[in-house]
Number of protein chains: 2
Amino acid sequence: MKRITNQINTNDTDPASLSRRVGEVVTLCGVIYKVRLMSGFAFVILKTRTQLLQCVCDLPTENLREGAWVRLTGKVLAEPRSKTGYEVRIERIEALSQPAEEPPVVVNNKEMNASLSTLLDYRPLTLRNEKETAIFRVQSELCKGIRRFLDGQGFVEIHSPKIVGGNAEGGANVFGLDYFGKPAFLAQSPQFYKQTMVGVFERVYEIAPVFRAEKHHTARHINEYTGVDLEMGFIHSFEELMALETAMLGSVFEHLKASCEKELALWKMELPVVDSIPAIPFEEAKEWVAREYGRPITDVYDFEPEEERLLGELVKRETGSEFVFVTHYKTAKRPFYTMETPGNPEVTESFDLLFRGMEITTGGQRIHDYHAQVAKMERLGMEVTAFEGYLMAHKYGLPPHGGLGIGLERLTARLLGLDNLRRAVLFPRDTERLTP
Amino acid sequence: MKRITNQINTNDTDPASLSRRVGEVVTLCGVIYKVRLMSGFAFVILKTRTQLLQCVCDLPTENLREGAWVRLTGKVLAEPRSKTGYEVRIERIEALSQPAEEPPVVVNNKEMNASLSTLLDYRPLTLRNEKETAIFRVQSELCKGIRRFLDGQGFVEIHSPKIVGGNAEGGANVFGLDYFGKPAFLAQSPQFYKQTMVGVFERVYEIAPVFRAEKHHTARHINEYTGVDLEMGFIHSFEELMALETAMLGSVFEHLKASCEKELALWKMELPVVDSIPAIPFEEAKEWVAREYGRPITDVYDFEPEEERLLGELVKRETGSEFVFVTHYKTAKRPFYTMETPGNPEVTESFDLLFRGMEITTGGQRIHDYHAQVAKMERLGMEVTAFEGYLMAHKYGLPPHGGLGIGLERLTARLLGLDNLRRAVLFPRDTERLTP
């Protein structure tokens, strides 16, 4: 019998190591991003899996088609005029795969000069643009940074079901499906399951898809997104959750600084400083914005998007912070599991985090006592028996706990200054888009 | 304005640090797992977020109800008779939350003495059993180990959509849903998207839910599971994928050895050694099993579960390996994107990995050339235009590539010797189960 060893193929040089290989001959793989023909030679910009790389080629150029996937051998030479400080002089180049058609949209310029719908219709192609690619490298490093921080704090990663029986969280915005003849729904959040798992691991998190059947078609809505959800037992107060998030963001941005310098530079974005974040109660925030901008308050329960933007502006002006926690949302507008503020049951131990004028997080302390939770559900006229599985966690005991959920795409979009949330999703789903 | 700092609450001692704190007074949180009343004192077994901990209490015991969530202060004392080598002498204990009802099933014994349906019906409770908890700590560390390995190999984590238009992979076993009046489906795998992303990052992975509407109701089938999917560009042959998986499993088991000693001991499982893995072509494997066990071959395209089990047994006997790659599955039984073997188009450059007699991985090299892929689809009578979004990646060029998918629950179950796949899922979904 043949045996497969654990020897990973290392014929090709790790493109991330090139800066240490000046003077060496290397073998590299990638796609030809751009060719500039000069007299007697060509500049070939190779897109490797980590970066754009300037190569110089004086071989025949008929195979050097933009979009061809190649393997090349060449010498790494110091070259101060190249962005990376070096270039590769090609000695041999082999095209392994050629595109079948010319791209209908130019992807190898600095900026994609295309409408949003073109960007999304041709996603498999447009994502190859260096700057578009950078968005998703940042997103991947965001996740890595979040995991590292949470792992370090003793959180355990869980995988909760996305197909759920019963109408999760009681909302209207759910996608229904037929599950072997029974009605089922796509989970709007892992809320019930992460709370349940506090009873098992005390501290849990999940980074996974969530589904919202909201009919809004705006720059800030998508119908499937990636939720970064955590839940934590033994909190003394919901302020600890905000402190945890503050520390997490600080740690994650440190990680990005180290891992995504190039990508952040492409987007010309500065990482925000987050050693502390201001917090303001919802009602105060509403009144402040109304007063400062002479806007009448029309919705006493929630922010309008414009109010969020203005609040962000005000807080930045007053404190220098690009983040602001808004706390104590009204009980009437928070889900049934939210803990009310002791001494003021009109408001809750809850918060949102706004970043550069947009909500990126919702969190709060939850009701952990079974009787208190059931009583509240009855008061709200909810059918308690429909939540039997969820309430089992409370019935057999849960510690005081709370948690939060971050929209990964919103965080990415705010961080890079993307004007539409869809740009921070590889293959976005909105009310009108189901492909590619 | 108030300011939230990044100071995480550290009133409580990290339970993982106790072995270094003998002689110190610590504050700990957890749930009372078991109380054994002795004469004049009580043994209190506290379940902290990392372990069971023996405590000694000579305070009044009326609050020490099993299932109560407590915060306690006490001194760490060396105690050779305790499993951990130490115990905590309780000086103060406060119950923060009490269960509302006695559990209907005993969860604080060594083994859950309960039927599978009880285990699953009372999941929020039964997961609190130490040994059940251990399954999911191992699963979480499996994911951590996989990510670490892949991150180290330059793979980028992606998030692909789970709601898809068109019938992904052309299979019948899909869940349909109504998407704002349009028909949509739940993704059976991230196959198309991970291949597409090879055109962007060359090496990508995703650990995310996948959905299969298979009507099988067996110990090895579930309808929602966690897929560990990776895809890699610039492979020379599909053997490189097997080498990568061999290296990955070795690395992941090293990680488990370091992180899950306690949990593996609870399940009395030895980690397999994987410095190399035998590989055998499908047809040879079929014939070998038929010959050795005198079994007639009834299905020439696939293994029966019993054949998988027997093949595992044979390979173990002949080579000592608990893993075996089966290669070159028949073209007729592999998806349309699978590359055929040069010189023998009846079989494919594909493989499965069996672990302790069960398939845990499917992988292979894919067709990367647009014209070759379209021609094959036409030969198979497929409606090529329905795959336009997917084929865009090929059309504008993809390098030679391949990948694999691992069922996280299958890997977990095989590793711990679980007799039913459902036991490796927090909240399983099968043809009859949609709750809790």
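Colleague: Which helices do the buried residues of α10(A) pack against?

Modeller: Bear in mind that we're looking at a predicted model. Helix α10 of chain A spans residues 388–395 and is mostly covered, with 6 of its 8 residues buried. Those buried residues are A:Tyr390, A:Leu391, A:Met392, A:Ala393, A:His394 and A:Lys395. Their packing partners come from both chains: α4 (191–201) and α9 (370–379) of chain A, along with α1 (116–121) and α2 (123–126) of chain B.

Colleague: And which residue with a positive phi follows α10(A)?

Modeller: Go past the end of the helix, which covers residues 388–395. There you find a glycine with phi near 105°, and that is A:Gly397.

Colleague: Which residues touch the most other members of the largest nonpolar core?

Modeller: In general, nonpolar side chains in soluble globular proteins tend to be buried together. Here the largest nonpolar core has 70 residues, and the ones touching the most other members are A:Phe253, A:Phe323 and B:Met197.

Colleague: Which helix gives the most to this core?

Modeller: Look in chain A, at residues 239–259. That stretch puts 10 residues into the core, and it is helix α5.

Colleague: What is B:Met197 in contact with, leaving aside its neighbours within four places in sequence?

Modeller: B:Met197 is one of the residues that touch the most other members of the largest core. Its contacts reach into both chains: on its own chain there are B:Ile158, B:Glu202 and B:Val204, and on the other A:Leu127, A:Leu426 and A:Phe427.

Colleague: How many residues are in the second, separate core?

Modeller: Its members include B:Phe253, B:Trp267, B:Leu416 and B:Leu426. The count for this second core is 67 residues.

Colleague: Are α3(A) and α11(A) parallel or oblique to each other?

Modeller: Helix α3 (residues 130–152) and helix α11 (residues 408–416) of chain A pack with their axes 10 Å apart, at an angle of about 125°. α3(A) passes α11(A) in a right-handed crossing. An angle of about 125° falls outside the roughly parallel, antiparallel and perpendicular ranges, so the two helices are oblique.

Colleague: How do the residues of that contact divide into nonpolar, polar and charged?

Modeller: From α3(A) come A:Ile135, A:Val138, A:Gln139, A:Leu142 and A:Cys143, and they meet A:Leu408, A:Glu409, A:Leu411, A:Thr412, A:Leu415 and A:Leu416 of α11(A). The split is 8 nonpolar, 2 polar and 1 charged.

Colleague: Is B:Arg147 buried or exposed?

Modeller: B:Arg147 is found in helix α3 of chain B. Not counting residues up to four places away in sequence, it touches A:Arg147, A:Glu157, B:Glu157, B:Tyr205 and B:Ile207. Its relative accessible area is 6%, and the cut-off is under 20%, so B:Arg147 is buried.

Colleague: What about A:Glu202, is that buried or exposed?

Modeller: A:Glu202 is found in the loop between α4 and β11 (203–211) of chain A. It has a positive phi of about 70° although it isn't a glycine. With a relative accessibility of 4%, A:Glu202 counts as buried.

Colleague: Where does B:His328, with its positive phi, lie?

Modeller: Phi of B:His328 is near 60°, and the residue is something other than glycine. B:His328 is partly exposed, with a relative accessible area of 24%. It lies in chain B, in the loop between β14 (323–327) and β15 (340–341).

Colleague: Which peptide bond to A:Pro436 is cis?

Modeller: A:Pro436 sits in the segment after α11 of chain A. Omega is near -10° for the bond from A:Thr435 to A:Pro436.

Technical notes. Residues numbered from 1 in each chain as written. Chains lettered and ligands numbered in written order. Predicted model: local features only at pLDDT ≥ 70, side-chain atom pairs only at ≥ 80, totals over all residues. Heavy atoms only, no water. Core = buried A, V, L, I, M, F, W, Y, C linked by side-chain atoms within 4.5 Å. Buried < 20%, exposed > 50% of the residue type's maximum accessible area, 1.4 Å probe, protein only. Helix = DSSP H or I, 4+ residues; strand = E, 2+ residues; numbered from the N terminus. Contact = heavy atoms within 4.5 Å. Axes fitted to C-alpha atoms, helices over the stretch in contact; angles between N-to-C directions. Parallel < 35°, antiparallel > 145°, perpendicular 65-115°, else oblique. Left-handed = near helix turned anticlockwise from the far one by under 90°. Nonpolar A, V, L, I, M, F, W, Y, C, P; charged D, E, K, R; others polar.
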